[in-house]
Amino acid sequence: MSEKAKFFSRSLFFLITISIFLLILSSFSLVQFPGNHFIPRSVFKLILVNSTSFFLKPNAQTELVKFPFLSSTDTNLSMRCGSLSCPNTNVGASRCYRNKTCGRNQALRKLKVFVYDLPPEFHFGLLGWKGHTNQTWPNVDSHSRIPPYPGGLNLQHSVEYWLTLDLLASNTPKVGTAVRVQNSSQADIVFAPFFSSLSYNRHSKLHGKEKVSVNKMLQTKLVQFLMARDEWKRFGGTDHLIVAHHPNSMLHARKKLGSAMFVLADFGRYPVEIANLGKDIIAPYKHVVRTIPSGESALFDRRPILMHFQGAIYRKDGGAIRQELYYLLKDEKDVHFTFGTYRGNGIKKAAQGMASSKFCLNIAGDTPSSNRLFDAIASHCVPVIISDDIELPFEDVLDYSEFCLFVRASDAVKKGYLLDLLRGIEKDQWTKLWERLKEIAPHFEYSYPSQPVDAVDMVWKAVLRKTSSVQFKRHRKNRYARSEGLLKRI
């Protein structure tokens, strides 16, 4: 090889070596000094969001980019955590929100909600409230002035009540995700305050000379009201929120209003084109048993009942499995599997039974979900979910396998399968589920005023996470609108 060729090859080798060295150096600089490097900040943020840097070490800035809806008050409950989003990388995605260093000093993104001032007949009037002339809403500053929601089983579908109260009080000093705005053009979501579950429970039957039930009449009025509104016409209702938690609520209107975002208990009685996980929210039932304080929750050895079920046994559709399980388990000495209702003393008996049981069965009934799951959570009784089609609240941020057991229906009806599974779970394994259960229980508590990451706040956070898809559809629809508007002016 000539001297000239040797010189060229050595120069090329030296140049490549220097280039690699500079590339490595700039990579460290990118991570350690993100405010001072050659890469544009917009690209740097993109790298953070997609976690594409091998050297990426999560910090407050990365969390701020990924979780704009978190507040400094959510210091131990950072939602939407990923493995690289929490400073403690040993904490998994579903557990990260419990780490007190995750989500600290975050900018709070509020969900801006425009509320229609529907007449009281759609909401608090259904509770017997009568305001002054032209008064739409009760005074929510004092608990004594707020109309109470009916007790018993009515309570389990009272989601509409708690969300509305929270919005009415959202402009008072408090910590919360949702805030009411007066201009619909500034809103992320438009809320139609119709107490549809209460309307179904109380007014779905004909009375006296009525030819149309009050429930059906209100749904017809609601459809007429919404269809005439500019807010609905603007995006075809896709940015509207309607609570229809009772499976039979909104039966007459749901098809016409199907473009809206629904807050539901499950999808059991909805066709997929009307309700689905892509656009709708699954909210927890309001449990009806007493919440067991964490310090009073019975340990493994103080729960003599292995598994507990009390409810309707003979059900139709997917609920036929209850009958099969009843005949398999009814004679087992450490199993409580009986028919029961929540009427009379039923709620108290159910609460006592769950609080004394290691496992509580949540079996599909007429619909995939039931309030029994949330009664079990409030009782710190480890839920055993036997419902293949169930959808669970907040499952994008909660890993239910950390505090529940899931059994396929086809396995549950095999002789001895359920007993062998539950009797085989050791004390330390059960205790781990039970400890986690106590930690997540506050997420399923409805309260007024709402508390950070209680059920009300969790529903609003879920709505907030959905708004990105709403905005995506809105922007796609607007692709040509501005250009066509300019052409009309020419």
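The following paragraphs describe the sheets, the main pocket and the aromatic contacts of a predicted model.

Two open sheets were examined. One has six strands in the order β2-β1-β3-β4-β5-β6, and its pairing is parallel. Its edges are formed by β2 (178-181) and β6 (281-282); each of these has a single partner strand, so one side of each lacks a neighbour in the sheet. Strand β1, spanning residues 111-115, pairs with β2 in the parallel sense through four bridges. Within this pairing, Phe-114 stands opposite Val-181 of β2. The side chains of β2 alternate in direction: Ala-178 and Arg-180 point one way, Val-179 and Val-181 point the other way, and all are buried. Edge strand β2 thus has one side without a neighbouring strand, while its residues Ala-178, Val-179, Arg-180 and Val-181 are buried.

The other open sheet consists of five strands, ordered β8-β7-β9-β10-β11, again with parallel pairing. Here β8 (335-339) and β11 (405-406) are the edge strands, and because each has a single partner strand, one side of each is left without a neighbour in the sheet. The parallel pairing of β10 (residues 382-386) with β11 comprises two bridges. Ile-385 has Phe-406 of β11 as its bridge partner.

Among the helices, α4 (159-168) is mostly covered, with ten of its ten residues buried. The buried residues of α4 include the aromatic Tyr-161 and Trp-162, the acidic Glu-160 and Asp-166, and the leucines Leu-163, Leu-165, Leu-167 and Leu-168.

The largest pocket encloses about 890 Å³ of space. Its lining is made up of 29 residues, and those nearest the pocket centre are Leu-153, Gln-156, Ala-312, Arg-315 and Arg-372. By residue class, the lining of this pocket comprises seven nonpolar, 16 polar and six charged residues. Helix α5 (196-203) and strand β7 (305-311) each contribute at least two residues to the lining. Strand β7 is also a member of the five-stranded sheet, where it stands between β8 and β9 in the strand order.

Aromatic pairs number 21 in the structure. In one of them, the ring centres of Phe-122 and Phe-194 are 5.8 Å apart and the ring planes lie at 80°, so the pair is classed as edge-to-face. Phe-122 belongs to the loop between β1 and α4, and Phe-194 to the loop between β3 (189-191) and α5; the pair therefore ties together parts that are 72 residues apart in sequence. Phe-122 and Phe-194 are both buried. A cluster linked by ring pairs contains Phe-124, Trp-137, Tyr-149, Tyr-161, Trp-162 and Phe-195. Of these, Tyr-161 and Trp-162 lie in α4, where both are buried.

Charged groups are also placed over aromatic rings. The charged end of Arg-254 sits over the ring of Tyr-270, at 3.8 Å from the ring centre. Lys-438 lies over the face of Trp-434, with a distance of 3.7 Å to the ring centre.

Methods. Residues are numbered from 1 along each chain as its sequence is written. This is a predicted model: local features need pLDDT of at least 70, side-chain atom pairs count only at pLDDT 80 or more; totals for chains, interfaces and linings use all residues. Side-chain values use heavy atoms; hydrogens and water are left out. Two strands pair if DSSP finds at least two bridges between them. On a 1 Å grid over the protein atoms alone, a cavity is a set of points where a 1.4 Å probe fits but cannot get out, and a pocket is an open set with protein on both sides within 12 Å along at least five of seven lines; lining residues have an atom within 4 Å of a point. Grid points are joined across faces, edges and corners, and a volume is the space filled by probe spheres set on the points. Ala, Val, Leu, Ile, Met, Phe, Trp, Tyr, Cys and Pro count as nonpolar, Asp, Glu, Lys and Arg as charged, and the others, Gly among them, as polar. Rings of Phe, Tyr and Trp (its six-membered ring) pair if their centres lie within 6.5 Å; planes under 30 degrees apart count as stacked, over 60 as edge-to-face and the rest as tilted. Buried means under 20% relative accessible area, exposed over 50%, partly exposed in between (1.4 Å probe, protein chains only). A charge sits over a ring if NZ of Lys or CZ of Arg is within 6 Å of the ring centre and within 35 degrees of the ring normal.
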